[in-house]
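Colleague: Hi! Could you pull up the model so we can walk through how the chains sit together?

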Amino acid sequence: MTLEMFLITAVKIGLVLFIILTAVAYLTYMERRVLAFIQVRLGPNRVGPFGLLQPLADGIKFIFKEDVIPNDVTRFIYILAPITALIPALMTFAVIPFGDRLEIFGKDISLYVTGFNVSLLFVFAMTSLGVYGIVLAGWSSNSKYSLFGGLRSSAQMISYELALSLSIVGVLIQVGSLDLVKIVEAQSGWYGMQWNVWAFQPLGFLLFFIAVLAETNRVPFDLPEAETELVGGFHTEYSSLKFAMFFMAEYAAMITASSMATVLFFGGWNGPGASADTWWAPLLGLLYFAIKVFAFLFVYIWIRGTLPRFRYDQLMDFGWKLLLPLAIFNIVFTATWKFLFHYYDLAQYLPGWMSGK
Amino acid sequence: MFDAITNYFSNLTPEHYFFFLFAIVAIASALEVVMQRSPLYSAVALIFTMAALAANFVLLKAQFLAAIQIIVYAGAIIVLFVFVIMLLNVRAEESRLDRFTALRWIAAPSAIVLFAGAFAAIRFSNLDTLAPSPTAAAAGTTERIAEVMFTKYLLPFEAASVLIMMAIVGALVLAARAKEYDAELSGIENQEVPPKPEPEAQPEEVEVS
Amino acid sequence: MLPITNFILLSAVIFTIGAVGVFFKRNIITILLCIELMLNAANLAFVAFASYFGDTTGQLFVFIVMTVAAAEAAVGLGLVIAIFRNRETLNVDEANILKL
């Protein structure tokens, strides 16, 4: 590893962190605005033009608020919990392929921090660690509401992680790689429109999206922090910067989930013209990626503004009795499809566009 | 003597540093698992051990297993432990190494003998001469593991899935009587519907499929 | 590259720590955690040998060990809940009604 490589990587890490944290801040603004419009209100519009400086004001408020540590908490874990929530949420961005390779000053630079042959598993490993922040916060707060929030959340996350992992197996069978970059590259056919969601994983995508809603504790699966029942759920006892860390972790997880949906099912940076042989094609790819992620985030907020919350038993029934069997069906279906095409070469009997050649 | 030390340090590669870093983390957190009084602290310490061991797997060029180690152990098994600790709300402290029985006088020497035996076996073997295999990187890829698993070792794999099936049934049987208890603890006892099928047996399916 | 003895020694140390935990701890949950520790130490040895021999079989062993560990955790914790419900204790020395 030369010094130059090291510097490039350091710059990339800094840039990605900066962009993600800014995106997290503005995601809160977007959520409040969009929700407000859905409910025929205006939302925050006082700080700066259209309220655009609101995230900044919120950040300053969080930093200067008094940091209350209640007497009866288990102190070490109470402080550890927000950190364990935030760090894995940010670490996932190390492997998400935002764009293709770009040539700057004669150097071939990839528009992602790093990539290796099991990067998809890395993302899953990090998201599965995210549950600890919530669970430890719920336990260490020594408060009923927090404990129930943490309990519900761990049960929910264990249940839905299963459906989540199984829903992407279809994509893996189709692409034959655990490398996120290769998964994106495999979707570049049809002038950049051969996305897995219609070729041929619509069911997989639906399951993935529902499971991811539950994994990120969003409406309609936001039981761990259901305000009307549990005050604030696992973060009832947190204030100031520690609360802000939970908040950021949640929104970073939303961005991760949207990015993963984009990468796995919506072609990543692929789109019309993004694989052309011009210097701006990778930048166009970046733009496509950003638009897709933004669209998913909007759908998240839209769902929050529209749907009521599940009851606890409904949530469990839905996960175990509907999502899981459907995900297994999807795997069997995809495997059969792949087997037929792979071994009997059925593609020759079909028109070219259907086989994805 | 001094020369030997400087010589030793000048021969160190980044791999050595990473190995020692993660080895220290692994041993320290493993000690914490045993020394902590509260089971929750032990579980948290065990997560660190798992992570350090996963890092060692990466040093050994087994990336797939490293990822699986984090997903299965840290992401599923320890979560299960933490879940049960929370469910039973175990806060009772016990003293550090507290089995004050006659057993201690048998256990301590046997632990020492166990380690001494392992150490002697390693020390007097010729493992040091074992050169790293050039095919190590190829052996650790997902493709290679899948190939071996679904051809040569298909029977053990199927046996493992039968084992998991039995574990699911066993956990369900054990937990089926727990309905009222669970309802009370998940804080929704005032609802008429009995809650939740048992979530406990399931996460391991992730790695089987 | 490192000599394989480093990894094997680390494995031995962690295994011994886990064994000490099983010998000395009373809390049944901690004992289960220590068993996980021992399984992990064995895993490290398997991976080290697999890597140094360039053979995938050792890695497959690890896979099977993880499956067993998961099954053990599920059933073991189910038993823990059952014991706690009946005896209101997690102390293994007090779960002795089958003793003569």
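Modeller: Sure, here is a tour of a few helices and the places where chains meet; keep in mind that this is a predicted model.

Colleague: Let's start with chain B. How many helices and strands does chain B have?

Modeller: Chain B has 10 helices and 0 strands. From the N terminus on, its elements read α-α-α-α-α-α-α-α-α-α.

Colleague: And what share of the residues of chain B count as buried?

Modeller: Of its 209 residues, 37% count as buried.

Colleague: What about contacts between residues at least 24 apart in chain B?

Modeller: Taking the contacts in chain B between residues at least 6 apart in sequence, 60% join residues at least 24 apart.

Colleague: Nice. Now the partner: how many residues of chain B are in contact with chain C?

Modeller: On the chain B side there are 76 residues, in contact with 63 residues of chain C. The elements of chain B that give two or more residues to that side include α2 (14–35), α3 (39–59), α5 (102–123) and α8 (154–176). By class, the side of chain B that touches chain C has 58 nonpolar, 8 polar and 10 charged residues.

Colleague: Can we zoom in? At what angle do α2(B) and α1(C) pack?

Modeller: α2(B) and helix α1 of chain C, residues 4–24, pack at about 10 degrees, with axes 9 Å apart. That angle makes α2(B) roughly parallel to α1(C).

Colleague: Which residues of α2(B) and α1(C) meet there?

Modeller: On the α2(B) side they include B:Phe19, B:Ala23, B:Ile27 and B:Leu31, and on the α1(C) side C:Leu10, C:Val13, C:Ile14 and C:Ile17 are among them. The contact of α2(B) with α1(C) has 13 nonpolar, 2 polar and no charged residues.

Colleague: While we're on α1 of chain C, is C:Phe15 buried or exposed?

Modeller: C:Phe15 lies in that helix, and it counts as buried because it has 22 C-beta neighbours inside 10 Å, where 20 or more is the cut-off.

Colleague: What is C:Phe15 in contact with, leaving aside its neighbours within four places in sequence?

Modeller: C:Met38, C:Ala41 and C:Ala42. As for C:Thr56, 41 residues from C:Phe15 in sequence, the two are 23 Å apart in space, C-alpha to C-alpha.

Colleague: Back to chain B and chain C. How do α7(B) and α3(C) pack?

Modeller: α7(B) and helix α3 of chain C, residues 57–87, pack at an angle of about 75 degrees, and their axes are 10 Å apart. That makes α7(B) roughly perpendicular to α3(C). B:Ile145, B:Val148 and B:Met149 meet C:Thr57, C:Gln59 and C:Leu60, giving 4 nonpolar, 2 polar and no charged residues in the contact.

Colleague: One more in chain B: why does B:Ile164 count as buried?

Modeller: B:Ile164, which lies in helix α8 of chain B, is buried because 21 other C-beta atoms lie within 10 Å. Its C-alpha atom is separated by 42 Å from that of B:Thr13, 151 residues away along the chain.

Colleague: Switching to chain A: how does α4(A) pack with α4(B)?

Modeller: Helix α4 of chain A (residues 119–140) and helix α4 of chain B (residues 63–88) pack at about 20 degrees, with axes 8 Å apart. That makes α4(A) roughly parallel to α4(B), and α4(A) passes α4(B) in a left-handed crossing. Among the residues that meet are A:Phe122, A:Leu129 and A:Trp139 on one side, and B:Ile68, B:Val79 and B:Met86 on the other. The residues of this contact divide into 16 nonpolar, 2 polar and no charged.

Colleague: How many residues of α4(A) are buried?

Modeller: 22 of the 22, so α4(A) is largely enclosed by the rest of the structure. The end C-alpha atoms of α4(A) are 32 Å apart, which agrees with the 32 Å its 22 residues should span at 1.5 Å a residue. α4(A) is followed by A:Asn142, whose phi is positive, near 60 degrees.

Colleague: And how many of the residues of α10(A) are buried?

Modeller: For α10(A), 21 of the 26 residues are buried, so it too is largely enclosed by the rest of the structure. This helix, residues 240–265, reaches 37 Å from its first C-alpha to its last, close to the 38 Å expected. After α10(A) comes A:Gly267, whose phi is positive, near 75 degrees.

Colleague: Great, thanks for the tour!

Technical notes
Residues numbered from 1 in each chain as written. Chains lettered and ligands numbered in written order. Predicted model: local features only at pLDDT ≥ 70, side-chain atom pairs only at ≥ 80, totals over all residues. Axes fitted to C-alpha atoms, helices over the stretch in contact; angles between N-to-C directions. Helix = DSSP H or I, 4+ residues; strand = E, 2+ residues; numbered from the N terminus. Parallel < 35°, antiparallel > 145°, perpendicular 65-115°, else oblique. Left-handed = near helix turned anticlockwise from the far one by under 90°. Contact = placed C-beta atoms within 7 Å. Nonpolar A, V, L, I, M, F, W, Y, C, P; charged D, E, K, R; others polar. Expected span 1.5 Å × (residues − 1). Buried ≥ 20, exposed ≤ 12 C-beta atoms within 10 Å, placed from the backbone.
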